[in-house]
Structure formats: structure tokens, C-alpha cells
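Student: I should like to go through this protein step by step. May we begin with the terms and then turn to single residues?

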Amino acid sequence: MKAIGLLKYLSIEKEESLIDIELPRPIPKGRDLLVKIEAISINPVDVKVRAPKEKIEKEPKILGWDASGIVVEVGEECESFKVGDEVFYAGSITRPGTYSEYHLVDERIVGRKPNTLSYSESAALPLTAITAWEALFDRLDIELINKVENEFKNILIIGGAGGVGSIAIQLAKYAGLHIIATASRQETRDWVKKLGADHVINHYQSFKNQLADLQINEVDFILCLNNTDQHWNNMGEIIKPQGKICSIVENKEFLDLNILKNKSATFVWEFMFTRSMYHTDDMIKQHFLLNKISELIDKGEIKTTINKKLSPINAATIKEAHQLIETGSTIGKIVIENFEGDQKIL
Ligand SMILES: NC(=O)c1ccc[n+]([C@@H]2O[C@H](COP(=O)([O-])OP(=O)(O)OC[C@H]3O[C@@H](n4cnc5c(N)ncnc54)[C@H](OP(=O)(O)O)[C@@H]3O)[C@@H](O)[C@H]2O)c1
């Protein structure tokens, strides 16, 4: 099968930073599905794992943690899917990624592909939707069904136009929250407004002053989707007493937790690979939440976040997508569809 991998960790413009290779088609066992991949999306985690370093791999390392496709074989213990099912998923950071024609994934972290979306529109969603869902409803403990109470609560979503922000805004809106999103350019301001943000502020200026201009003194929830170091003190100033902050981006500097003490504010991390990495007892929750995302899409409650599509899936297009992600200013998601010479399964 075709795959795209690396042996050396190089800057993206280097010839060998990602290479087209041929690998044997894997065989599913246990609860694994073998999926024929139709589309993938590229995330900042791909770029972070590929970051230049001295290490050299003996076998090609396959990156990529977002895909949509068709189940072509199932392991002997599979219960939730059968051959021919259309699926979408992010996969596990501890296993080979989705830059390959055929891919093994545990069925407990796979969802039914939305019926109303194409493969590329679907591939834009899994990793970011799992992250946003777990952050909002598991870590910040926002009650999805309590729309009446949520209407009196507000959330600040920092980095609203990125891949995660674009789906987080829609899910927070669906839950009934009042949303303030951050964006720094006219294009990204327009994008977050269109997705449902009630107010937009700039992440390079004081949150406190900008919120005061909107007659907002404090916020119940903060979802930090970019540069935790930069936003830490700003977040501490505006979180409501007993409010909750969730970040998905690792800090590089020391963070002073004491700024939250007098307010008895909560700080919590979200890492969407936790469940698959540790095989937690509730790992199957990702299967259910992806199915819920599918249902919301098919009912027209939320929409795909795809904003750029490349084709075919090969080292050249994946390099192009990595370069775009490295700018830190992409809007929504970049998706790549079809392997060259792809035979459609009918
Ligand atoms: N923990 C997890 O499970 C998890 C899951 C997914 C992603 N992540 C991490 O979360 C981060 C965001 O992921 P993503 O896919 O949403 O990224 P992305 O799509 O690359 O985000 C791009 C957006 O970030 C905004 N941005 C740039 N600098 C910013 C800053 N200093 N403060 C706030 N916003 C800023 C830009 O908006 P403007 O152009 O308007 O400035 C741009 O639209 C990445 O670091 C990623 O690795 C973690």
C-alpha cells in the first residue's frame, strides 16, 4: 500500500522531511478495524511530532491523526462496525498514523461518518471535535442539555478561528452558552462570527479592557486553544470566582497557579489522546461522542470546518499542508483527499 513517512526529522522544505513509500497492508486483530482511507486532515500535532531533531528511525514513521474511509476488514472481537461501513476517526498517537492507504484503528475510538458529508468534509472533524467535546463537556463540565441555564453563562474561546476553535464555537453555541471568541484579523473575526460567536475580541490585547468595553466583567468558562503562556495572566484576571479554565496547549514557562487561588477557580488540561494512550475504562466514550457529532451534522445543528482541500494524498501535498499549519494562521481545517490511482470500492 502507499504511505507517506519519515526516517529523519527535518525542516519541512528538505527533500526527505516526508517521503512516499510502499508498505505491506496491515492485518486487523482483536478490536481493530482495517480502514481504506479516503481523506485525511492535517493538525498542528503532525507538525509537532515531525519537528527537527537528531533522532533517526529504523523503520519509516507514519504520522497523521485524522481520517475518513471505509471498513474493509475487521478483527475477530469487533462489535460496533462491519465491512463496508463508512467511518471517521483520529486514532491513537501511540500507533502508526493515517498517512497510509490502509490503516488499523481500535473500533472504540471510531465513529460513523456523517451521511450528509463527503469523505473530505468528514475528515476535517474527528481530532478537533473530540478535543472540543471533551474540553467543554468532560473537563469544564458544561451540561450539554441544560440550555436554559447555559444561556446565563458565558465562555471565552481563545483562538476561535483555528481547527479546534471552529468546532468548539459551534458546540458551545449548541449548548446554549453566550460566546466571546478571540481572533486577530478581519478574516478570522468574520469566520468566528459566522460560526456563532456573539462577540469577538483580539488575543493580542488585554482581555479585561476589551470585555469591559462590552460591559462584561468576568467569564464563567475559558477554553484556551493557543499559547497558554501568553494568556495565563489575562485569563486569571477575567475568570469568574469559582469559574473554570481548560487549556489544550502545553506551557513552556512556569505558570503561577496561585493567581487562581482566591477565586477558587479550576484549571484543567484536555489532551484528546489520553483515552487511547492509557486505554482508560471509558475509552469507548470517543466512539459515542463521534457518533453524536455525526448526528448533529446530519440534523444540520453544526457544520464541517473544512476550509482548504488538496489532492492527491502524497508527500508533496502533505508537505504543503504542514507548511501552511506552521504559519500558525490557518482558518478552519486543511484536508487532503484520495491516493493517486485510487480504485473506488463500490
Ligand atoms: N490537547 C489536545 O488534545 C489538542 C488537540 C488539538 C490541538 N491541540 C493544540 O492546540 C493548538 C491549536 O490547534 P488548532 O488545530 O486549533 O490550531 P490552528 O488551526 O493551527 O490555529 C490557527 C489559529 O490560531 C490563532 N492564533 C495564532 N496565534 C494565536 C495566539 N497567540 N493566541 C490565540 N490564537 C492564536 C490564529 O488566529 P488569528 O489568525 O486570528 O490570530 C489562527 O486562526 C495547537 O497547539 C495544537 O497542537 C491540542
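Tutor: Strands are DSSP runs of E with at least two residues, and they are numbered from the N terminus. The model we are reading is a predicted one.

Student: In which strand is the place of Tyr-89?

Tutor: A strand is a run of at least two residues. The run covering residues 86-89 includes Tyr-89, and this run is strand β6.

Student: Is Tyr-89 buried or exposed?

Tutor: Buried means under 20% relative accessible area, whereas exposed means over 50%. Tyr-89 has 0% relative accessibility, so Tyr-89 counts as buried.

Student: Which residues is Tyr-89 in contact with, leaving aside its neighbours within four places in sequence?

Tutor: Contact means heavy atoms within 4.5 Å. Some of the partners carry numbers below that of Tyr-89, namely Val-35, Ile-37, Asp-66 and Ala-67. The others are Thr-98, His-103, Val-105, Ile-109, Val-110, Pro-126 and Leu-290.

Student: What separates the C-alpha atoms of Tyr-89 and Gly-163?

Tutor: Along the chain, Tyr-89 and Gly-163 are 74 residues apart. In space, their C-alpha atoms are separated by 15 Å.

Student: Let us turn to helices. Where is Val-192 found, and is Val-192 buried or exposed?

Tutor: Val-192 has its place in helix α6, which covers residues 186-195. The relative accessible area of Val-192 is 0%, so this residue is buried.

Student: Which residues is Val-192 in contact with, beyond its neighbours within four places in sequence?

Tutor: One partner is Gly-160, 32 residues away along the chain, with a C-alpha separation of 6.1 Å from Val-192. The full set of contacts is Gly-160, Ala-161, Ile-169, Ala-181, Ala-183, Ala-197 and Val-200.

Student: Is Val-148 buried or exposed?

Tutor: Val-148 is also found in a helix, α4, at residues 147-150. Its relative accessible area is 63%, and exposed means over 50%. Val-148 is therefore exposed.

Student: How many residues of helix α8 are buried?

Tutor: Helix α8 runs over residues 228-238 and is mostly covered. Those that are buried are Thr-228, Asp-229, His-231, Trp-232, Asn-234, Met-235, Gly-236 and Ile-238. Out of 11 residues in α8, the buried ones number 8.

Student: What covers the buried residues of α8?

Tutor: The cover includes one helix, α7 (207-213). It also includes the strands β9 (154-158), β12 (219-224), β13 (239-247) and β14 (266-269).

Student: What separates the C-alpha atoms of Asn-217 and Ile-238?

Tutor: Asn-217 is found in the loop between α7 and β12, and at 65% relative accessibility it counts as exposed. Ile-238 is one of the buried residues of α8. The two are 21 residues apart along the chain, and their C-alpha atoms are separated by 6.9 Å.

Student: Which phi value does Gln-215 have?

Tutor: Gln-215 is found in the loop between α7 and β12, and with a relative accessible area of 71% it is exposed. Its phi is positive, in a residue other than glycine, and lies near 60 degrees.

Student: Where is the place of Ser-264?

Tutor: Ser-264 is a residue other than glycine with a positive phi, near 45 degrees. Its place is in the loop between β13 and β14.

Student: Which residues does a cis peptide bond join?

Tutor: Pro-312 lies in the loop between β15 (306-310) and α11 (315-326). The omega of the cis bond is about -10 degrees, and the residues joined are Ser-311 and Pro-312.

Student: Now for the whole protein. Why may we call it as compact as a globular protein of its length?

Tutor: The protein has 11 helices and 16 strands. For 346 residues the globule rule gives 20 Å, and the protein is as compact as a globular protein of that length because its radius of gyration is close to that value, at 20 Å.

Student: What share of the contacts with a separation of 6 or more comes from residues 24 or more positions apart?

Tutor: Val-192 and Gly-160 are one such pair, being in contact and 32 residues apart along the chain. For the protein, residues 24 or more positions apart account for 70% of these contacts.

Student: Which feature does UniProt place at residues 5-336?

Tutor: Over these residues the chain is 30% helix and 27% strand. The record is an unreviewed entry, and the feature it gives there is "domain: Enoyl reductase (ER)".

Conventions: Residues numbered from 1 in each chain as written. Predicted model: local features only at pLDDT ≥ 70, side-chain atom pairs only at ≥ 80, totals over all residues. Heavy atoms only, no water. Helix = DSSP H or I, 4+ residues; strand = E, 2+ residues; numbered from the N terminus. Rg over C-alpha atoms; globule rule 2.2 N^0.38 Å. Buried < 20%, exposed > 50% of the residue type's maximum accessible area, 1.4 Å probe, protein only. UniProt positions renumbered as here; feature names shortened; annotations may be inferred.
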